[in-house]
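Below is a short set of questions and answers on a structure, to be read with the model in view.

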Amino acid sequence: MAIIEIKNLKKIFNNQAVEVTALQDIDIDIEKGEIFGIIGLSGAGKSTLVRMINYLEKPSEGKVIFEGKNLGDLKENELRQVRKEIGMIFQNFNLLEQVNVIKNIMFPLEISGVEKSKAIDRARELLKLVDLSEKEKEYPSKLSGGQKQRVAIARALATNPKVLLCDEATSALDPKTTKQILDLLKKINKELGVTVVIITHQMSVIESICDRVAILENSRVAEIGNVKEVFKAPKSSIGKKLIFGATVNKEEEFVKIDDKTYLRLAFDGSITDKPILANMILKIGMPVSIMYANTKVIEGKVVGQLIIEMPNDKKVQYQIKEYLDENEVTYWEVV
Amino acid sequence: MFIAIDISLYTTAIAETFFMTFVSSLISYLIGIPLGVLLYSTAKDGLTPNAGIYNVLSLIVNIFRSIPFLILLILVLPVTKAIVGSTIGAKAVIPPLVISASPYIARMVESSLKEVDLGVIEAAKSMGATNFQIIIKVLLSESKPSLLIGAAISITTILGYSAMAGAVGGGGLGDVAIRYGYYRYNQDVMLITVVLLVIIVQILQEIFMGIARKSDKRL
Ligand SMILES: Nc1ncnc2c1ncn2[C@@H]1O[C@H](COP(=O)(O)OP(=O)(O)OP(=O)(O)O)[C@@H](O)[C@H]1O
Ligand SMILES: [Mg+2]
């Protein structure tokens with residue numbers, strides 16, 4: 001049985017007579033012990049969905065079932081008990097700024113009525129787990145983003161939850177710190193058996209630690225499945241865009257020169273790893289500069305994008321396009 | 001003349017001013033904090049939004065805040081008489097001071113609580129905290145520096161009002177300024193009381209601001 005069952009969930013926000021359907025027709029089962037990713041563009045409804053998993057937001061329709069209990073049937077105090085079994089971390093860490101690290105971690109224990117000495121012991125244990133023992137007495141303002149998130153993780157785990165919800169937990173962090181936090185989440189999943197639900201807009205986060213993924217678009221689940229399979233052959237158009245175009249917004253990294261023409265080549269996985277570019281250069285008999293590349297080979301298939309600078313010669317340009325057409329490579333001019 | 005006035009007149013007046021200010025501030029905070037918490041909680045983004053309760057409370061608070069203190073002082077004379085048993089002296093100033101300061105403090109508290117990041121409150125909710133626990137351990141605790149700055153402003157305002165109460169025989173430095181300085185045209189007395197008031201306000205302000213700065217762990 002799945003630890004979390006989301007059934008036919010719908011959420012409508014009413015704001016001054018304007019109705020916003022944030023989510024609809026959501027059916028997701030999250031299995032015990034897995035790392036489940038939820039991805040989507042801004043406004044897709046990710047935060048709303050994750051906040052309904054612990055009922056911080058009440059669904060307009062449908063059910064959230066945690067360990068067989070329909071959260072909608074619970075009284076307010078029963079719901080609070082359930083929340084102690086579902087930890088949550090956030091993009092902005094949301095630590096108490098006026099108390100030190102150890103008191104932050106003790107907070108959930110304190111409100112559960114755990115004896116102070118036991119709470120201190122437990123907090124120290126967690127500090128060790130997140131590798132921050134020496135920061136026990138520090139205040140959050142003195143910590144880096146990554147350290148703050150570690151404290152938040154320790155705090156979320158204090159009551160031994162079965163599930164950890166992460167809403168954009170790495171979005172405010174640099175790539176290196178992101179990796180450290182993701183490694184920590186993986187360790188928590190493997191060693192403590194905590195089911196992890198990760199909300200993100202970064203494909204790399206899904207790829208590096210999730211077992212399964214749901215792609216949200218316009219308030220619905222566009223696609224759901226095993227991460228490897230979805231990455232190999234996304235079925236939905238948003239899936240294709242997120243996976244193959246995962247780097248589209250990074251193209252500012254290459255500097256365009258006005259009187260030059262650039263071509264973007266998109267590899268959607270339909271081409272096996274034959275040396276497309278090398279063959280093209282051989283055919284036109286002229287070197288071509290690669291301005292930007294982000295491709296990877298997934299199970300022998302090339303996925304990703306390339307930007308090449310076109311030679312000035314119009315005839316050669318024609319040859320290149322002809323070659324790409326023959327080999328069924330999708331391309332367009334960069335403007 | 002300067003010497004003509006006994007120094008003990010000033011010391012008694014200072015003691016009375018402190019007495020009025022601190023007793024009024026204490027009682028006003030005992031009323032103002034719960035009222036401020038109630039305003040915060042019932043407001044739109046509060047813990048238990050309730051437009052009905054919020055609007056009624058808000059209206060009452062606004063009405064009391066818009067009545068000029070001098071008018072209030074006279075309006076509540078019957079109340080003062082009933083509570084204190086007299087309408088003159090330092091004690092008699094306390095009821096009007098409390099009535100005027102409590103709504104003001106309630107607003108200060110409400111605005112301090114509003115500064116607390118909603119994300120932190122959401123985190124507490126996600127850990128299964130009750131609203132009461134959130135109020136005590138998150139809202140009041142996280143807004144402590146801001147509440148202390150509010151207290152510096154409120155207490156010095158109350159002190160200023162207490163001096164105004166001298167006009168109706170309220171005791172304290174204001175009373176001395178009016179009775180000896182104004183009615184008897186003794187400019188020295190007037191000057192000394194004003195200087196004393198300025199110094200006291202300044203000291204109180206510095207003390208509270210200092211505590212507020214020191215207590216703020218974000219710095
Ligand atoms: N409290 C609210 N009141 C009204 N509308 C809301 C509320 N919360 C969210 N929405 C709307 O619901 C939709 C989904 O919002 P949500 O925050 O879940 O998106 P998201 O996928 O988390 O986006 P982001 O990546 O920007 O965080 C948006 O259109 C948003 O404007
Ligand atoms: Mg969000």
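Helices here are DSSP runs of H or I with at least four residues, and strands are runs of E with at least two, numbered from the N terminus. The model is predicted.

Q: Which element of chain A gives the most residues to the shell around ligand 1?
A: The shell around ligand 1 holds 13 residues. Strand 1 (4-15), strand 2 (18-30) and helix 1 (46-53) of chain A each supply at least two of its residues. The one that gives the most, with 3 residues, is helix 1 of chain A.

Q: How far is an oxygen atom of ligand 1 from an N or O atom in the side chain of A:Ser42?
A: A:Ser42 is listed among the closest residues to ligand 1, together with A:Gly43, A:Lys46, A:Ser47 and A:Thr48. Backbone N or O atoms also lie by ligand oxygens, at 2.8 Å for A:Gly43 and 3.2 Å for A:Ala44. For the side chain of A:Ser42 the distance is 2.5 Å.

Q: Which strands are the edge strands of the open sheet in chain A?
A: The sheet has 6 strands in the order 6-7-8-3-9-10, with mixed pairing. Within this order, strands 7 (163-167) and 8 (195-200) pair in the parallel sense over 5 bridges. Each edge strand pairs on one side only, and these are strand 6 (86-90) and strand 10 (220-226) of chain A.

Q: How many of the 11 residues of helix 9 of chain B are buried?
A: Helix 9 (residues 172-182) of chain B is mostly covered. Its buried residues, including B:Leu173, B:Val176 and B:Tyr180, pack against helices 1, 8 and 10 of chain B. The number buried is 8.

Definitions and conventions
Residues are numbered from 1 along each chain as its sequence is written. Chains are lettered from A and ligands numbered from 1 in the order in which they are written. This is a predicted model: local features need pLDDT of at least 70, side-chain atom pairs count only at pLDDT 80 or more; totals for chains, interfaces and linings use all residues. Side-chain values use heavy atoms; hydrogens and water are left out. Buried means under 20% relative accessible area, exposed over 50%, partly exposed in between (1.4 Å probe, protein chains only). Contact means heavy atoms within 4.5 Å. Two strands pair if DSSP finds at least two bridges between them. A residue is near a molecule or strand if one of its heavy atoms lies within 4 Å of it. A polar contact is a pair of N or O atoms within 3.5 Å; within protein, one must be able to donate a hydrogen and the other to accept it, and residues adjacent in sequence count only if both atoms are side-chain atoms.
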